[in-house]
Amino acid sequence: MKHIEASGESVLPRTATGHPGSFLTTPEVFANHKVRAQLSAEYNALWLQYGLDAILAPVVAHPAPPHGKYISNAYAAV
Amino acid sequence: VTKGLLAAGAVRYIKTNLSQAHLILESMNNVFGTTCNPYNLKLSVGGSSGGEGAVLPAKAAVLATGTDGGGSIRFPAMFHGVWGLKCSKGRIPMTGIHSPGDRNESVNAGLGPMTKTVGGLELWLKAQLTCRPWEYDFTCIPMPWQTDEAQKCQKRLRIGVVSDDGVVRPTPPISRALEMVIDALDKAGHEVIELPEEQMKSLHRRSTSCVMKQTSNRADTAS
């Protein structure tokens, strides 16, 4: 983001989630890491409970969309 | 990452388009514009490593390399009907890569290949690990290529399915594809179980909000 800011290049709407205006404060980042650890533990418990070898899930909820129109990367990101 | 490929005799000849700052699952930026899907120019190639996905069906390359934190190999692979493998963090050296992956402890990004065949994935990964990356990049796990592990599995596997994450319900083509995979696994003798729907939806909703966490209740929030 530093180089983009310095260049004066406009930020594409979808990139804007990484814009300074949306940055978390240090305590917010810290708290979010605790949440992430808790969620990982819950997922791990499920994995063990069912004795899984693998999990099958979609990559994304839809096929290739028109340019700039994807809805969410929820499946892949989690 | 190029070290392993070059040592195995690879010829580098294309560097392809990606998204602005690797931050979106598209391949559009203000420098090179928008990359179009070779199957239908009106459609997205995915991203961030979207150009790498597009070169395979365009028959411009046989082996592609990408990085993936939240879908950047998997989106392009899916949008082009090719194989993609996001290796775990610490498997492939990230040194020298100008991406959020290098030394970023918050994002568990990993490197990996995209190819038209499973054998291609194996070739790429084998080339990487033959160079023993842990001997020159301290973030890599000392774990060599294991031929035994790469063989077709003989035992019966138990595979859990997440068919709806409760955030975005898959569209019919995606659900149909999932059914086809489940059917194939079943025919191959593996056990496929649906994970508890409500529990998975809750877990995935909370996880999505954690991953995409943005500041709230602040006046200067980007619109």
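**Interface and strand pairing of chains A and B**

In strand 6 of chain B, Ile159(B) is the bridge partner of Ala54(A). This pairing belongs to a predicted model, in which strand 1 of chain A and strand 6 of chain B run parallel and are joined by three bridges. Strand 6 of chain B, comprising residues 158–161, is also joined to strand 7 of chain B (residues 191–194) by four bridges, again with the two strands running parallel. Within that second pairing, Val161(B) stands opposite Glu194(B) of strand 7. Strand 6 of chain B thus has bridges to strand 1 of chain A and to strand 7 of chain B.

The contact between the two chains involves 55 residues of chain A and 68 residues of chain B. About 5,300 Å² is buried between chain A and chain B, and carbon and sulfur atoms contribute 64% of this area. On the side of chain A, the residues that lose the most area to chain B are Leu56(A), His67(A) and Tyr75(A), which together account for 14% of what that side buries.

Polar interactions across the interface were also enumerated. Between chain A and chain B, 20 residue pairs are in polar contact, with both residues at pLDDT 80 or more. The elements of chain A that give two or more residues to the side touching chain B are helix 2 (26–49), strand 1 (54–56) and helix 3 (74–77). Of these, helix 2 of chain A gives the most, with nine residues. By residue class, the side of chain A that touches chain B divides into 32 nonpolar, 16 polar and seven charged residues. Two salt bridges are found across the interface of chain A and chain B. One of them is formed by Asp53(A) and Lys155(B), whose closest N and O atoms are 3.3 Å apart.

Over all chains, the structure holds two aromatic pairs. For Tyr70(A) and Phe75(B), the ring centres are 5.8 Å apart and the planes lie at 75°, so this pair is edge-to-face. The pair crosses between chains: Tyr70(A) is located in the loop between strand 1 and helix 3 of chain A, whereas Phe75(B) is located in helix 3 of chain B (residues 74–79).

Chain B further contains an open sheet of three strands in the order 3-5-4, with antiparallel pairing. Strand 3 (63–68) and strand 4 (83–84) of chain B are the edge strands, each of which pairs on one side only. Strand 3 of chain B is joined by six bridges to strand 5 of chain B (residues 110–115), the two strands running antiparallel. In this pairing, Ala64(B) stands opposite Met114(B) of strand 5.

Two backbone features of chain B concern the peptide bond and the phi angle. Most residues other than glycine have a negative phi, and most peptide bonds are trans. The peptide bond from Gly47(B) to Ser48(B), by contrast, is cis, with omega near 10°. Ser48(B) is placed in the loop between strand 2 (33–34) and helix 2 (50–55) of chain B. Lys59(B), a residue other than glycine, has a positive phi, near 60°. Lys59(B) is placed in the loop between helix 2 and strand 3 of chain B.

Key:
Residues numbered from 1 in each chain as written. Chains lettered and ligands numbered in written order. Predicted model: local features only at pLDDT ≥ 70, side-chain atom pairs only at ≥ 80, totals over all residues. Heavy atoms only, no water. Contact = heavy atoms within 4.5 Å. Buried area = accessible area lost by both parts, 1.4 Å probe. Salt bridge = Lys/Arg side-chain N within 4 Å of Asp/Glu carboxyl O. Polar contact = N/O pair within 3.5 Å; in protein donor to acceptor, adjacent residues only side chain to side chain. Nonpolar A, V, L, I, M, F, W, Y, C, P; charged D, E, K, R; others polar. Pairing = 2+ DSSP bridges. Phe/Tyr/Trp six-rings, centres within 6.5 Å; stacked < 30°, edge-to-face > 60°.
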